[in-house]
Each structure stands twice: as structure tokens, then as C-alpha cells.
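Could you walk me through this protein model, starting with one of its helices and working outwards? Here it is to look at as we go.

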Amino acid sequence: MSIEAAFMVPHPPMIVPEIGQGGEKQIEETIRAYETVADEIADIAPETIVITSPHSIMYSDYFHISPGSGAKGNFGQFRASSVAFEEEYDEELRDKICELADEEGFPAGILGERSAELDHGTMVPLWFIRKKYTGGNIIRIGLSGLGLMDHYRLGEMIQKAVEETGRKTVFVASGDLSHKLQEYGPYGFAPEGPEYDKRIMDVAERAAFGEMFSFDENFCERAAECGHKSFVIMAGALDGYDVKAKVYSHQDVTGVGYGIASFYPEKENENRRFRIAYEHELKEKMKGLAENADAYVNLARQTIESYILSRKALEFPKNLPAEMFHQRAGVFVSIHKEGRLRGCIGTFLPTTECVAGEIIQNAISASTKDPRFSPITPEELPFLEINVDVLTTPEEISSPDQLDVKRYGVIVSSGQKRGLLLPDLEGVDTVEEQIEIARQKGGIREDEDIKLQRFEVVRHK
């Protein structure tokens with residue numbers, strides 16, 4: 001048995017009258033659409049409602065699935081504690097999802113619960129559903145800092161678990177759209193905001209789930225969207241099926257986008273295996289980049305592949321340009337996957353006898369020792385984009401006026417504390433931002449005196 005239906009829904013707390021205090025009337029269209037969804041779920045009478053929420057527990061490299069037999073929650077943080085919920089979890093289906101994740105070495109499970117209370121991303125959909133349907137248990141799943149392929153893959157595991165347990169299941173993908181749709185909104189306006197909403201609602205109307213992979217992370221961040229990864233998990237849960245899609249509403253009157261749509265799976269269709277198709281496309285793209293890379297990037301890639309596959313540091317290849325043996329410099333190795341940073345480690349001054357040695361040392365560290373990320377796995381190797389930055393010797397400067405975010409990187413120091421930021425990074429547009437980020441990386445407080453240094457890089461991509 002496949003999932004019976006899936007729904008894209010928002011979670012604005014103000015939609016609950018006890019919170020909105022009349023303000024909810026401005027999103028009446030969203031309320032009516034939500035009630036339609038609740039009616040449809042009641043007609044299906046599912047045994048289980050799977051809810052993915054951006055406001056459940058979230059980790060950078062792990063999907064948290066709520067443990068235990070159930071959970072309670074209320075809207076006390078929105079001054080409406082009288083609106084409360086007590087839900088039971090479908091332990092059998094949840095445990096099957098966790099079992100499948102364990103079998104595949106996939107980072108999902110019940111570990112790391114920081115709070116058992118239901119979050120508002122879960123409770124807002126339940127507020128509508130429970131008015132129409134009180135049956136069935138739930139499963140609550142958080143998002144992660146991992147890429148879109150991993151979110152889609154989790155959805156595929158949910159689908160498989162549903163099929164193996166025979167559960168009559170509906171999927172609720174909770175998530176607001178852009179938070180930057182209007183100047184008067186709580187988060188202001190960005191041109192990417194309306195563009196995101198237009199694109200995602202078009203994808204929803206056509207059930208063109210493969211296009212969800214084309215939403216660049218930087219674009220999504222500038223749009224300040226909330227639910228994209230939630231929607232991608234939902235798409236994965238419908239993988240391999242034709243889908244009958246219907247958009248019920250889209251509103252942006254509060255400055256935040258609220259979209260509601262339904263998706264009913266029909267017959268199986270192998271042409272709708274979107275993750276597999278995207279993986280193939282990405283592999284071919286990375287293969288083309290690797291074939292056109294220079295000796296610096298190739299050395300970093302060969303080093304990473306050698307170390308990840310055999311745990312052996314690469315010996316110096318004999319065909320490297322002479323400059324890589326004769327020059328000494330600081331080097332940063334940056335690794336990206338699906339446009340997202342996957343590891344970055346470097347040295348601002350040379351620590352080995354030559355640039356080639358610096359690249360080998362830092363490529364190993366970037367792929368296995370960056371404390372922000374788990375070590376890269378063999379399965380990820382075909383999808384990695386690698387950059388190598390060779391730094392000039394840092395020079396002290398007396399004023400931020402001597403910086404240029406496109407040309408110069410910056411080192412901010414205070415005593416023994418030091419933070420570095422490379423030049424020409426997407427999303428860093430001003431010198432003030434550059435210094436502040438470097439200060440934060442170094443753990444340097446606003447009230448501490450700082451010294452500035454600048455450097456240039458030769459970037460190999």
C-alpha cells in the first residue's frame with residue numbers, strides 16, 4: 001500500500017483564532033483551503049499521519065524522528081496555552097523507518113531529542129485536522145542541514161516503510177514559503193521572495209517534483225523560505241508514482257507566503273524516479289568539471305578520493321607543475337555538494353615544504369576533520385565540487401577602508417583569537433559583513449579591540 005495522499009500546508013500560528021485575535025481573518029482564503037485539506041484527510045481516515053516540520057528538532061547532519069509513545073504540546077509561547085494537543089505516535093511505522101535508515105547507513109533515527117513537546121509546525125496542521133478527524137496516530141519528523149537529495153531519500157524510506165507495514169497513511173509537509181514578500185512584512189522584502197513562491201507553487205501545480213532540486217540553497221536562503229526541505233521529503237514519499245496535484249490557495253498578504261496543495265498518487269511510473277535522475281545529472285556535471293580542472297584541483301580531488309577510499313595520504317604525483325613544489329603559501333581547500341559547503345579547512349601561512357604538500361594536508365582535513373560536518377563518505381565522492389585557494393602573505397592594514405570584499409580576504413585578530421574569511425564569497429557583499437563574520441569565526445566579541453590583515457588569493461575551481 002502506497003501513501004494515500006500528501007499535502008503541502010503552512011503553519012502560521014496567527015491562523016489559530018486564540019492567537020490571531022481577529023488577525024486571522026486576513027488569511028481567510030488560506031483558512032478555507034486548510035479546512036478542505038482537513039475534510040479530505042477525514043474522508044481518507046488514515047491510521048497514521050506523517051508530519052514533517054521545520055520547527056521540530058533539527059541537526060546539521062541527522063534527521064530526528066520523535067521517539068517514545070507520544071507527545072503533548074500547546075501554544076503557550078504564543079499566549080494561547082489553552083489550545084493544547086496530546087498525540088500518540090505510530091511506533092511500529094516509525095521503528096520501520098528507523099530500521100530502513102540503519103540498514104542503509106542513513107543518518108536518521110530517534111537519537112538526540114532535546115524536547116519532547118510538539119512544535120507549532122506540527123500543531124498548526126493538527127489544529128485543523130483534529131477538528132475534522134480524531135483518529136490515527138502521528139509520526140513527527142524534523143528536517144536537517146543535509147542536502148536535498150538526502151531529504152528526498154528520507155521520503156523514499158518513508159514510502160517503503162508504509163508499504164512494508166501496510167499502514168493507511170497520509171503525509172503532511174508543513175512549511176511556510178518565503179518570509180520576504182512585502183516591505184511591510186516582519187522580515188522585509190527581497191526579490192527572491194516572490195520568485196520563490198511563484199516557482200514552488202508552479203512546481204506544486206504540476207507535481208514537477210524533479211524541479212525541486214534546482215532551487216539553489218543561496219537562492220532559498222535569500223528568499224527566507226521555511227518549508228522547501230519539508231516539501232522535498234514529501235516528494236520522495238511519492239517517488240515513482242504519477243501524481244494528481246491540486247493547488248487550493250496561495251497568499252502573501254502578511255509578507256509571508258502560505259501555500260496549500262494536495263497530491264494523490266496514482267499508478268506507478270518509473271519515469272518519476274527524480275532522485276535517481278538528478279544524481280545521474282549531477283554526476284555528469286561533476287565529471288565534466290573534474291575533466292577540465294587544473295593540477296591544483298586535481299591534486300585535491302585525488303587526495304580526497306585516496307584518503308576516503310583507502311585511508312592513505314596521497315604521495316606527490318610526478319607530473320605536477322614545478323611551481324607547486326617550489327612555492328610555499330597558505331592554502332584553503334573548499335568542498336561543496338549540491339551547491340552547499342561540505343567542508344573547508346586551510347592555512348593562512350605555509351606549514352609544509354610546498355604548495356602541493358599544503359593541498360594534500362588540507363584536502364584530507366577538509367574532507368574528514370571540519371568540525372561542522374561529518375566526514376565525507378565514499379558514496380558522496382562523485383558529487384563533490386572542489387576549490388583550492390592559494391593565499392598571498394597577509395599584510396597588516398590600519399582601516400577597513402583598505403579592504404574590498406571581492407579582492408581581499410580578511411584576518412581579524414584579538415590577542416590569541418583569530419578569524420579568517422576568504423574573499424569573493426556569495427552572500428558577503430560588504431566589508432562590514434566580512435569583518436563581522438570573521439570576528440564571529442574567531443570568537444571575538446564586539447567590545448574587544450581587533451587588528452586587521454588582508455590577503456589575496458589565486459582561486460582554482
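Let's begin inside helix H8, where His228, Lys229, Ser230, Phe231, Val232, Ile233, Met234, Ala235, Gly236 and Ala237 are buried. That makes H8 mostly covered, with 10 of its 10 residues buried. Please keep in mind throughout that this is a predicted model.

What does H8 pack on? Helix H8, residues 228–237, packs on a sheet, where it touches S1, S2, S8 and strand S10 (258–268). The direction of H8 makes about 155 degrees with that of S8.

The sheet itself is a good next stop. It is an open sheet of six strands in the order S7-S2-S8-S1-S10-S9, and its pairing is mixed. At the edges stand strand S7 (137–142) and strand S9 (241–251); each has a single partner strand, so one side of each is left without a neighbour in the sheet. On average, neighbouring strands of this sheet are turned by 15 degrees against each other, direction ignored.

Now follow the strands one pair at a time, starting from the S7 edge. S7 is mostly covered, since five of its six residues are buried. S2 and S7 pair in the parallel sense over six bridges, and within that pairing Ile49 has Ile138 in S7 as its bridge partner. Moving on, strand S2 (residues 48–53) and strand S8 (residues 169–174) also run parallel, joined by five bridges. Here Thr52 stands opposite Ala173 in S8.

At the other edge, S9 and S10 run antiparallel and are joined by nine bridges. Val243 has Pro265 in S10 as its bridge partner. The hairpin of S9 and S10 has six residues between the strands, and there Gly255 takes a positive phi near 95 degrees. As you inspect any of these strands, it helps to recall that in a regular strand the side chains alternate between the two faces of the sheet.

Another helix to find on this sheet is H4 (residues 120–132). Helix H4 lies across strand S1 (5–9), S2, S7 and S8, and runs at about 145 degrees to S2.

With the sheet in view, let's turn to the nonpolar interior. In soluble globular proteins, nonpolar side chains tend to be buried together. In this model, the largest nonpolar core has 56 residues, and those with the most contacts inside it are Leu154, Ile158, Phe171, Tyr196, Ile200, Phe209 and Phe263. Helix H5 (residues 148–165) gives the most to this core, namely eight residues. Apart from it lies another core, of 37 residues, which includes Ala38, Tyr89, Val172 and Val256.

Which residues surround Tyr196? Not counting residues up to four places away in sequence, Tyr196 touches Leu177, Ser178, Phe215, Phe219, Cys220, Ala223, Glu225, His228 and Phe231. Two names on that list bring us back to our starting point, because His228 and Phe231 are among the buried residues of H8.

Further along the chain, Arg342 is worth a pause. Its place is in strand S12 (residues 340–346). Is Arg342 buried or exposed? With a relative accessible area of 8%, Arg342 is buried. Leaving aside neighbours within four places in sequence, Arg342 is in contact with Ile335, His336, Lys337, Ala366, Phe373, Ser374, Pro375, Ile376 and Glu380. Arg342 and Leu384 are 42 residues apart in sequence, and their C-alpha atoms are 8.5 Å apart in space.

Next comes strand S17 (residues 451–455), which is mostly covered, with four of its five residues buried. Strand S14 (residues 395–397) runs antiparallel to S17 and is joined to it by three bridges; Ile397 stands opposite Leu452 in S17. Strand S15 (residues 409–414) is also antiparallel to S17, with five bridges between them, and Ile411 has Gln453 in S17 as its bridge partner.

Finally, step back to the whole protein chain, which contains 13 helices and 18 strands. Its radius of gyration is 25 Å, close to the 23 Å that the globule rule gives for 461 residues, so the chain is as compact as a globular protein of that length. Along its principal axes the C-alpha trace spans about 75 × 45 × 35 Å. Buried residues make up 56% of the 461 residues. Of the contacts with a separation of 6 or more, 77% are between residues 24 or more positions apart. The accessible surface of the protein chain comes to about 20400 Å², and 47% of it belongs to carbon and sulfur atoms.

Key:
Residues are numbered from 1 along each chain as its sequence is written. This is a predicted model: local features need pLDDT of at least 70, side-chain atom pairs count only at pLDDT 80 or more; totals for chains, interfaces and linings use all residues. Side-chain values use heavy atoms; hydrogens and water are left out. A nonpolar core is a set of buried Ala, Val, Leu, Ile, Met, Phe, Trp, Tyr and Cys residues joined through side-chain atoms within 4.5 Å. Buried means under 20% relative accessible area, exposed over 50%, partly exposed in between (1.4 Å probe, protein chains only). Contact means heavy atoms within 4.5 Å. Two strands pair if DSSP finds at least two bridges between them. Axes are lines fitted to C-alpha atoms, for helices over the stretch in contact, and angles run from 0 to 180 degrees between N-to-C directions. The radius of gyration is taken over C-alpha atoms; the globule rule is 2.2 Å times the number of residues to the power 0.38. Accessible areas come from the Shrake-Rupley method with a 1.4 Å probe; for residues, only the protein chains shown count as cover.
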